[in-house]
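Morning, everyone. Let me put the model up, and then we'll go through it piece by piece.

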Amino acid sequence: MSNLKTITVTVNGKHYTRDVEPRLLLSDFIRHHLGLTGTHVGCEHGVCGTCTVLFDGESVRSCLMFAVQSDGHEVTTVESLGDIDNLHPLQEAFMEAHAVQCGFCTSGFLMSLIPFLEENPDPTEEEIRDALAGNLCRCTGYQHIVDAVKLAAENMAVQS
Amino acid sequence: MKPAAFDYYAPSTTEEALAYLDQFGYDAKPLAGGQSLIPTMNFRLAQPSVLVDLNPIVDLSYIRPHEDGGLLLGAMTRASQVERDPLVAERAPLVHETMPSIAHPQIRNRSTMGGTMAHADPAAELPAVAIALNAQFRIRGQAGDRWVSVDEFFLGMFMTVIEPSELLVEVRLPPMPPRSGWCFREIARRHGDYALVGVAAMVTLDGGNQCDQARLVFLSVEDRPVPARRAAEMLQGQTPTAEAIQAAAETAATEDIDPGSDIHASASYRRQLAKVLARQALTQAFARARGVA
């Protein structure tokens with residue numbers, strides 16, 4: 001554990017300063033060093049999308065970045081969206097439309113969808129499917145997830 | 001899956017980065033977007049002992065108009081920036097059309113112009129597009145810059161003319177002549193996967209609606225992107241009728257490429273895909289050159 005680097009990262013608005021090995025993946029840093037286990041880890045080579053977080057506001061695979069690279073940057077994880085008593089409209093829609101079965105992929109889907117819905121508040125089904133192409137779900141067959149995104153877009157439009 | 005240990009340097013200037021590369025030679029790897037390098041490190045297929053992270057070098061991220069009507073793209077420009085840039089859409093519509101086919105939005109938010117060229121994956125889209133556009137590469141070493149034409153840049157699978165002590169810093173796309181048309185097509189099992197075969201087409205018509213120049217480049221068929229030279233020669237000086245396009249597409253698929261078989265597709269299926277994609281791409285490109293598509 002020589003060659004540690006000290007980094008300061010803002011995660012969900014909170015500043016963290018930690019010593020990390022350069023080879024530590026951002027995904028493992030978030031889970032093991034910060035204890036934010038809402039971000040899941042699936043394939044660890046950029047295929048499944050379950051580790052998706054926002055890096056300076058843009059969706060990225062946290063398994064394809066090193067924690068050292070986040071020094072001075074802003075990371076947003078699923079924990080920022082809402083809690084059990086006060087869910088984000090996107091989380092509400094996932095519940096309502098039965099878009100969650102085992103739930104392993106869900107946080108990745110949500111974090112891919114947050115910037116997508118900001119940019120496309122009224123998406124077509126084709127745009128939704130395109131936006132979801134980088135996230136794998138082995139339970140649902142995707143139809144309910146697509147329904148949930150439509151529902152979330154409708155509900156969020158009413159609220160704003 | 002955890003990468004092997006390495007020393008990490010995050011220089012803020014190209015000069016500093018070049019000094020590290022010079023110091024560590026073959027042991028060092030530049031880290032651009034990391035969307036290919038980091039998965040290979042996670043698998044421990046790559047175990048560089050030094051990473052020189054180029055992400056803090058903000059000077060390498062830009063999209064600028066060139067005075068000749070072309071474009072200059074900094075090596076650290078993200079794919080998502082290229083995808084959304086109106087100047088790219090106007091001056092390099094082939095690049096604009098290709099971007100959504102590259103992996104997924106989350107990957108494009110990190111992936112860089114220079115990284116995809118320097119990585120030289122034969123299944124990558126932008127290297128083939130660079131050949132179709134006759135791009136030039138500015139490669140920087142401690143002794144200075146050199147320009148390399150795209151036809152000399154790719155040496156084979158994951159190999160380019162960039163030396164271990166050098167960095168690709170800029171990609172130059174020449175201006176598109178008037179009466180030009182373009183098209184990018186690929187077939188993948190799922191959108192965002194590596195293509196089984198893809199093709200980039202760039203054509204220019206003369207005043208008499210005959211083909212002045214055609215460039216047709218395949219990806220995922222050999223160990224590097226492959227220009228279909230015989231097919232291009234067949235089209236030159238011809239009126240691009242459906243028959244002429246069909247004949248060129250057949251020549252491209254049978255004579256210009258020599259695809260291999262793997263678990264994803266057999267060689268003969270790749271030739272079939274290449275023929276169909278070439279016909280579709282050329283048809284669309286010529287229609288755009290005539291201004292009817």
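Start with the contact between the chains, and bear in mind that this is a predicted model. Chain A puts in 23 residues, and chain B puts in 25 residues. Which elements give two or more residues on the chain A side? Strand 4, residues 58–61, and helix 4, residues 125–132, of chain A. Strand 4 of chain A has the largest share there, with 4 residues. By class, the chain A side that touches chain B splits into 7 nonpolar, 9 polar and 7 charged residues.

Stay on chain A. The domain assignment gives domain 1 as 5–78 and domain 2 as 89–159. How far apart are their centres? Over C-alpha atoms, 22 Å separate the centres of domain 1 and domain 2 of chain A. In their contact, 14 residues of domain 1 of chain A meet 12 residues of domain 2 of chain A. On the domain 1 side, strand 3, residues 52–55, and strand 4 of chain A each supply at least two residues. Strand 3 of chain A gives the largest share of that side, 3 residues. That same domain 1 side holds 5 nonpolar, 8 polar and 1 charged residues.

Now the core. The largest nonpolar core has 141 residues. Which of them touch the most other members? B:Ala201, B:Leu216, B:Phe218, B:Ala274, B:Ala278 and B:Leu282. Helix 12 of chain B, residues 267–290, makes the largest contribution to this core, 9 residues. Take B:Phe218 as a close-up. Setting aside neighbours within four places in sequence, B:Phe218 has contacts that include B:Ala128, B:Val197, B:Pro225, B:Ile257 and B:Ala274.

Next, a sheet in chain B. This is an open sheet of 5 strands, antiparallel, in the order 4-5-10-6-7. Why do two of its strands have a side without a neighbour in the sheet? Strand 4, 63–65, and strand 7, 144–149, of chain B are at the edges with a single partner strand each, so one side of each stays unpaired in the sheet. From one strand to the next, the twist averages 25°.

Look inside that sheet. Strand 5, residues 71–74, and strand 10, residues 167–173, of chain B run antiparallel and are joined by 4 bridges. B:Leu71 has B:Leu173 of strand 10 as its bridge partner.

Last item, the helix over the sheet. Helix 1 of chain B, residues 14–24, lies across strand 6, 136–141, and strand 10 of chain B. The angle between helix 1 and strand 10 of chain B is about 130°.

That's the tour. Over to you.

Terms used
Residues numbered from 1 in each chain as written. Chains lettered and ligands numbered in written order. Predicted model: local features only at pLDDT ≥ 70, side-chain atom pairs only at ≥ 80, totals over all residues. Contact = placed C-beta atoms within 7 Å. Nonpolar A, V, L, I, M, F, W, Y, C, P; charged D, E, K, R; others polar. Core = buried A, V, L, I, M, F, W, Y, C linked by C-beta atoms within 7 Å. Buried ≥ 20, exposed ≤ 12 C-beta atoms within 10 Å, placed from the backbone. Pairing = 2+ DSSP bridges. Axes fitted to C-alpha atoms, helices over the stretch in contact; angles between N-to-C directions. Domains from an automatic or database assignment.
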